[in-house]
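I opened my notebook with a plain plan: look up the charged pairs, then a strand, then the pockets. Here is what I wrote down as I went.

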Amino acid sequence: MREHYGITITSYSGARHYTVTQLMRRFMAGIAIFIATCFLGGFLAIYFLSYQLNSLNGEVIELQEYQALVKEKNESLLRQQKLLQATVEEKVAALSVMSDELGTIETMIGLSPEPETALYQRLDTASQTASEKRFMLSTIPSGYPLAEAYVTSRFGMRNHPVLGRMALHGGADLRASIGTPVYATADGVVEWAGMNDSGFGRLVKLDHNFGFTTLYGHLNKTAVSIGDYVRQGDLLGYSGNTGMSSAPHLHYEVRHLHRRLAPGPFMEWSWENYDVLFTREGKIKWDSLAKTLRKQTVAPERRWSQLAPPLSATSS
């Protein structure tokens with residue numbers, strides 16, 4: 001095996017000869033292999049980094065798209081938040097107005113709630129109280145039986161205009177020309193409608209709840225029949241001058257358990273003047289009646305306090 005190699009390099013100025021040993025040859029081959037390996041490794045590294053860069057570029061594009069989507073959702077949420085804020089402000093303003101209006105209603109129906117009472121509890125109480133009062137005003141005689149009423153003779157002892165002697169006047173006489181419409185002062189059923197021989201002439205008698213009765217005497221004509229159910233304000237007939245009467249008028253009576261009561265407090269009884277009846281008519285057990293009414297006018301099936309959580313009387 002040869003240990004030496006000769007290398008001749010020729011140029012214009014001559015030729016030169018070099019001798020390369022086997023060891024040097026191996027060394028150079030190793031360097032060549034190393035360079036080739038480095039080149040191949042660099043190529044592979046560049047290829048791998050290029051692949052990674054493309055992958056990262058794809059991820060960056062996806063992140064940019066996701067960022068744009070998040071931004072769009074955030075803007076949508078901000079718009080919804082503004083709408084909700086506006087709605088909340090409207091509701092708060094509405095609650096404030098409702099609280100003020102409820103205060104007015106409470107004053108009208110005689111309630112004085114504590115300042116810290118929740119709004120829905122106030123609504124429950126006001127609704128219950130209003131329901132009770134409305135029921136009482138519609139089922140117990142209240143108001144005048146004529147559209148325009150003027151009392152000419154009140155309840156009590158008087159000189160009878162026909163008999164000419166002192167006698168108890170068991171009702172109130174209201175001025176009314178013949179043919180004036182006469183209306184029911186409470187819900188009830190017609191017990192009598194027609195001529196009566198007790199001096200009332202043509203008479204309508206209504207039975208109401210809780211033992212109350214009303215009589216409408218000296219009528220010229222009746223508009224209801226025995227057994228008819230009527231509502232407060234329904235037409236009963238027309239005033240006249242029948243029976244023991246000295247001039248056209250309406251004789252109006254209120255009775256409780258067959259006992260005659262002064263019609264005045266009942267005729268003056270209304271939403272605006274609610275307590276007048278209880279302070280002026282002491283012959284009726286109003287407390288007992290009120291307890292019965294509360295049982296009959298229980299709160300609605302869905303009370304306000306069940307529809308939403310308690311809210312304070314004032315909103316901030």
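**Salt bridges**

I started with the charged side chains and counted five salt bridges. I should say right away that this is a predicted model.

I looked at Lys205 first, and found that it forms a salt bridge with Glu191, with the closest N and O atoms 3.5 Å apart. Lys205 lies in strand S9 and Glu191 in strand S8 (residues 188-196), so this pair ties together parts that are 14 residues apart in sequence. Is Lys205 buried or exposed? I got a relative accessibility of 17% for Lys205, and because buried means under 20%, Lys205 counts as buried. Its partner Glu191 is partly exposed, at 36% relative accessible area.

Next I went to Glu253 and Arg255, whose side chains meet in a salt bridge at 2.9 Å, N to O. Glu253 is buried, with a relative accessible area of 1%. Arg255 counts as buried as well, at 15% relative accessibility.

Then I checked Glu268 and Arg280, and their side chains meet in a salt bridge at 2.5 Å, N to O. Glu268 lies in helix H3 (residues 263-268) and Arg280 in helix H4 (residues 276-280), so the pair ties together parts that are twelve residues apart in sequence. Glu268 is partly exposed at 29% relative accessible area, and Arg280 is partly exposed at 46%.

I also asked myself which residues are joined into one network by salt bridges that share partners. They are Glu253, Arg255 and Arg260.

**Strand S10 and its partners**

I moved on to strand S10 (residues 212-222) and noted that it is mostly covered, with eight of its eleven residues buried.

I traced its pairings one by one. S10 runs antiparallel to strand S9 (residues 201-207), and five bridges join them. For Leu206, I found that the bridge partner in S10 is Thr214. The hairpin of S9 and S10 has four residues between the strands, and Phe210 takes a positive phi near 60° there.

With strand S13 (residues 249-256), S10 has six bridges, again antiparallel. Thr213 has Arg255 as its bridge partner in S13. I had already met Arg255 in the salt bridge with Glu253.

Strand S12 (residues 235-239) pairs with S10 over three bridges, in the antiparallel sense. Here Leu219 has Ser239 in S12 as its bridge partner.

I added a reminder to myself: in a regular strand the side chains alternate between the two faces of the sheet.

**Pockets**

Last, I looked up the pockets. The largest pocket has a volume of about 420 Å³. It is lined by 24 residues, and Arg158, His160, His169, His218 and Met244 lie nearest its centre. Strand S5 (166-169), strand S6 (172-175) and S13 are the elements that give two or more residues to this lining. I sorted the lining residues of the largest pocket into eight nonpolar, eleven polar and five charged.

The second largest pocket has a volume of about 240 Å³. Its lining includes Thr129, Glu132, Tyr274, Trp286 and Arg294. Which helices each supply at least two residues of that lining? I found helix H2 (119-139) and helix H5 (286-296). H5 gives the largest share, five residues. I sorted the lining of the second largest pocket into six nonpolar, one polar and four charged residues.

Notes. Residues are numbered from 1 along each chain as its sequence is written. This is a predicted model: local features need pLDDT of at least 70, side-chain atom pairs count only at pLDDT 80 or more; totals for chains, interfaces and linings use all residues. Side-chain values use heavy atoms; hydrogens and water are left out. Buried means under 20% relative accessible area, exposed over 50%, partly exposed in between (1.4 Å probe, protein chains only). Two strands pair if DSSP finds at least two bridges between them. A salt bridge is a side-chain nitrogen of Lys or Arg within 4 Å of a carboxyl oxygen of Asp or Glu. On a 1 Å grid over the protein atoms alone, a cavity is a set of points where a 1.4 Å probe fits but cannot get out, and a pocket is an open set with protein on both sides within 12 Å along at least five of seven lines; lining residues have an atom within 4 Å of a point. Grid points are joined across faces, edges and corners, and a volume is the space filled by probe spheres set on the points. Ala, Val, Leu, Ile, Met, Phe, Trp, Tyr, Cys and Pro count as nonpolar, Asp, Glu, Lys and Arg as charged, and the others, Gly among them, as polar.
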